[in-house]
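Please open the model in your viewer and keep the sequence panel beside it, since each stop of this tour begins with a selection.

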Amino acid sequence: MSERTPLLHYRLSTSVNEQSGEHQPCLPREAVEQSPAFSRRKSAHHSRPKKLSTFFGVVIPTLLSMFSVVVFLRIGFVVGQCGLYQAIAMFLVAYFIISMTVLSVCAISTNGALDAGGAYYMISRALGPEFGGSLGVMFFLANVCSSALYILGLVEAIVATFGLPEDGVSPAGSLQVLPAGYWWSLLYATGILLLCLLVCLVGAEIYAKASFIIFLVVMLVLATIFISFFAVRPRTILLPAAPPILNGTGPQPPTMANFTGFKLNTLLGNLDEFGVDSDMELIELISKSAPPSLADYAVDYTTGTMMSFATVFAVMFNGCTGIMAGSNMSGDLKNPSYSIPRGTITAVIFTFIIYNLLSLMVACSCDRILLQRDYSFLRDINVWNPLVTVGVYSSTMSAAMSNLIGASRILYALARDDLFGTVLSPAKKTSGNGNPWMSVLLSWFLVQLVLFTGKLNTIASIVTIFFLLVYAAVDLACLALEWASAPNFRPTFRYFTWHTCVLGIVGCAVMMFLINSIYASASIAFMLLLLLLIHYLSPTSSWGYISQALIFHQVRKYLLMLDVRKDHVKFWRPQVLLMVSNPRSSVGLITFINDIKKSGLYVLGHVQLGDLDTLPSDPLQCRYDSWLSLVDHLNIKAFVNLTLADSVRHGVQHLLFISGLGGMRPNTLVLGFYDDCTPKDKLTDPALADATVPTQDPEDERPPYHFPALRASIDGKEEGNGENGKVMGPQEYVAVIADAMKMMKNVALARYFHQFDRASTISSSPGKGALYVDVWPVNLLRPDSSSYVDTCSLFLLQLACVLNMVRAWRHARLRLFLCVEEGRSLRGSEGKLGQLLKELRIKANVYTVPWDQQVALHWQRQGEAGKRRPSRQSRREEEGLGKKGLFEEEEGDDDYVNSFPSNATRLSDEYLSAVNRLILEQAHPPPAVRFLYLPRPPADTRRYTAYLRQLELLTKDLGPTLLIHGVTPVLTTDL
């Protein structure tokens, strides 16, 4: 991001040099052009300009979607089945849920520029691709099923007007000429769907123009309906013929019902379970003050199933699900952030008033039998019957087209975001004017499949649950944005709080399971399956993840609660800073340290040599992506910390001082060993490159990380101040070790880990035998002061035990080697060490190793046999070891267990080679890794080179080895 392009992915900022070709200096232009965000912005420039206003783009589609089926075909069904009280209660509950959702939609839509996709776009950009993609699919399916539901409602109205009686006995009217039955209804629905398809293929603009005409027709019909309640006189209405499923044994269903006009007994009959048929009964009912029953559920004459609160609510709620119709048109609006809140709220308030007025008038003027047995009664009581028919046909057709267009736009947005790879790539195809015709065709095909269900009430529950799930997700998105307290979440619509979001989520969840717990559970399970699928298969998006904001919010809170003053040895864990010069040669060490960290902090550190004063910009910013890609590639749990310094020593000091936060700071520094071994590039090894995505042309495949070549591959000419292309010399290397110990950090030096391959090492095949880890917990450079109970030795034991606790290393066997001299009790030493391990709960095999021949070569034993003092180890073994003595020994001025005296240069190469051979002789079978005791560097800095050479001779040809020095207590036997 450059200073001239401060607005990222904002559609209204096209004047801020979006076409200037500027890009990040560290990011390849090809990668930018291939990203979904770039293609979305590029397509926005070439697409047609947005033309729809608030009224035409939001208010009209929302009103038509909400009015469609319920207002003309199911308003009497709801009142007839539930009674007026429960009908109004249902509307209150439904509108409470959608009102909470509308507030969330308004908040999200006014927090930035919206693009095509409506609710999917809002959820995906707020919650991230996993939730957005899975819920986008659910919303797509909801629109598909809803489109089918409206088409089935239209077919029902057509058959009721023009269809022949299904029983074949009732007389047919002059207009009833169409054959009736399941397959005929399916044929009519298919024809209507084809008509909707043709309109949708032309584009959203023609639908918007046609919808205005339909809107005028619907408003006219609604006006005539309200007038008809006052103008039409009472009459008797012939009920539709009952289907065969209701014409079994028992009393015959009624064939006539009454439109009574406004009468009190009719109103009470629609409140009371038994109804009121005369004025005497009315007087008697009033005198007794009998409390009216709330519901008188009956069998649905179209499906033959018994109705209940849940099934009626599911049908009724479809009249409230159109609130997203305006959001679905977001890609075609002039100003979505302005239009969606105002248009949606206006439509919701208007429909709520109309629904309640209609319910009240229906309850006051129509027999309950009429409401339960004739869903088209509004046509029969209208001042001009054909007008209602026209209103039903036009509104349901408009709602079906609206949902079909909405489904296609959501599918197109899903395809453009590449969340499902190549599965949805055909849906990206658009016509010359930007209409996604392939998405329209795919949506049409799925709607056609849903039409095979045959009846409106059959799929009403599924549609309602889908929409409730999406509404709950919108509330969840707004709630997450509010709780994350992100500074950039500042919507211009402020009439919401986190309380409204929670109420919306709870309301949606409760109603989902009340309607149908099986469908609700299956929908949630399907959504979670999609979530996991997208999480593991989709590429990383640039939208931002709300989970990251929430995690940051919580982590900051808990880091403040993590008090370093409350640290205790019982809860100690390794927190490692691993310094990496070049990851290409350090793969084995990086993966091994990931195992040994034991759920602790793990930081990959790197020092880049340079001076910021002489550089135009920070060279480290563009390298973080490569390091993070390496972390993902190796599947390790590590942070990355890079620094710029004039020397490696100063860079390591910087990282030791500043790495971590609060109570999470590195307590152990791990360095690669300073030797002349030729580094090997493990990132190019096919066995370790399984994270890269294979392509047809290997030359076009680009690795996700970019690290410099190893020094051996460029003939030792790598930039640096040391010899052989190294960035540091031996003097500086040992100084880094000394600095870390001064800062009270444990230190580990890793040698020969370029030979370590984790996959082959920990694989337990029958032919390879057991896996061993060798531990030498004594200072091999000081045989007179060797002890296995000092801080450093116990730290070795703890790290070995931690490694053994890791699942991959759980089958490994620890071998502990105890070096003893002649005259000492081998069994006694082994027994005391075994007792110590038992108290420390460490399972290991103890092996005693006589090393008299090696000790005889030490400079203290040559010619000074009579002057040498007894070793500290022998004195401790004679005095015995108590539990308290293991951890609370006082170190005197003459205790050199953790020191390296200035006359250490008198150690001969012969002694060091002999100890090296001793270690090699015990390796049968050879171990996977060795843990050795690391002495302190000498106080005299002139001795650093000799110190490093001694360590090199000691560990020569030992294979993967860790030289470890601990400075802090890490073990306890207390509870």
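The tour below starts with the whole chain and then moves from one selection to the next.

**Before selecting anything**

This is a predicted model, in which local features need pLDDT of at least 70 and side-chain atom pairs count only at pLDDT 80 or more, while totals for chains, interfaces and linings use all residues. Residues are numbered from 1 along each chain as its sequence is written, and side-chain values use heavy atoms, with hydrogens and water left out.

**The whole chain**

Show the chain as a cartoon: its secondary structure comes to 32 helices and 12 strands, where helices (H or I, at least four residues) and strands (E, at least two) are DSSP runs numbered from the N terminus. Of the 975 residues, 52% count as buried; buried means under 20% relative accessible area, exposed over 50%, and partly exposed in between, with a 1.4 Å probe and protein chains only. Among contacts (heavy atoms within 4.5 Å) between residues at least 6 apart in sequence, 81% join residues at least 24 apart.

**Tyr355 and its surroundings**

Select Tyr355, which is found in helix α13 (residues 336-365) and counts as buried at 0% relative accessibility. Which residues is Tyr355 in contact with, leaving aside its neighbours within four places in sequence? They are Met66, Phe67, Val70, Val71, Ile75, Phe91, Tyr95 and Gly319. For one of these, Val70, you can check the backbone separation as well: the C-alpha atoms of Tyr355 and Val70 are separated by 8.8 Å, although the two residues are 285 residues apart along the chain.

**Arg368**

Move next to Arg368 in helix α14 (residues 368-373). Is Arg368 buried or exposed? With a relative accessible area of 9%, Arg368 is buried, and its side chain reaches the backbone oxygen of Gly80 at 2.9 Å.

**Gln575**

Select Gln575 in the loop between α21 (546-561) and β3 (576-579); this residue is buried, with a relative accessible area of 13%. Not counting residues up to four places away in sequence, Gln575 touches Leu601, Gly663, Met664, Arg665, Pro666, Asn667 and Thr668.

**A helix crossing**

Two packed helices are described by the angle between their axes and the distance between the axes. Select helix α22 (residues 587-596) and helix α27 (residues 791-805), whose axes come within 8 Å and cross at roughly 95°. Axes here are lines fitted to C-alpha atoms, for helices over the stretch in contact, and angles run from 0 to 180 degrees between N-to-C directions. The helices α22 and α27 are therefore roughly perpendicular to each other, a term that covers angles of 65 to 115 degrees. Show side chains for Phe592, Asp595 and Ile596 of α22, and for Leu799, Val802 and Leu803 of α27, which make the contact. By class, this contact has 5 nonpolar, no polar and 1 charged residues, with Ala, Val, Leu, Ile, Met, Phe, Trp, Tyr, Cys and Pro counted as nonpolar, Asp, Glu, Lys and Arg as charged, and the others, Gly among them, as polar.

**Aromatic pairs**

The structure holds 29 aromatic pairs; rings of Phe, Tyr and Trp (its six-membered ring) pair if their centres lie within 6.5 Å, and planes under 30 degrees apart count as stacked, over 60 as edge-to-face and the rest as tilted. Keep Phe592 selected and add Trp809: their ring centres are 5.9 Å apart and their planes stand at 85°, so the pair is edge-to-face. Phe592 lies in helix α22 and Trp809 in the loop between α27 and β9 (813-820), so the pair ties together parts that are 217 residues apart in sequence. Both Phe592 and Trp809 are buried.

Select Phe817 and Tyr847 next, a stacked pair with 5.6 Å centre to centre and 25° between the planes. Phe817 lies in strand β9 and Tyr847 in strand β10 (residues 845-850), so this pair ties together parts that are 30 residues apart in sequence. Phe817 counts as buried at 2% relative accessibility, whereas Tyr847 is partly exposed at 36%.

Finally for the rings, select Phe139, Phe309, Phe313, Phe317, Phe467 and Tyr471, which ring pairs link into a cluster.

**Two loop residues with positive phi**

Most residues other than glycine have a negative phi. Select Asn635, in the loop between α23 (624-634) and β5 (639-645), where phi is near 60°; Asn635 is exposed, with a relative accessible area of 65%. End at Met744, in the loop between α25 (730-742) and β7 (746-751), whose phi is near 60°, a positive value, and which counts as partly exposed at 46% relative accessibility.

Definitions and conventions. Parallel < 35°, antiparallel > 145°, perpendicular 65-115°, else oblique. Polar contact = N/O pair within 3.5 Å; in protein donor to acceptor, adjacent residues only side chain to side chain.
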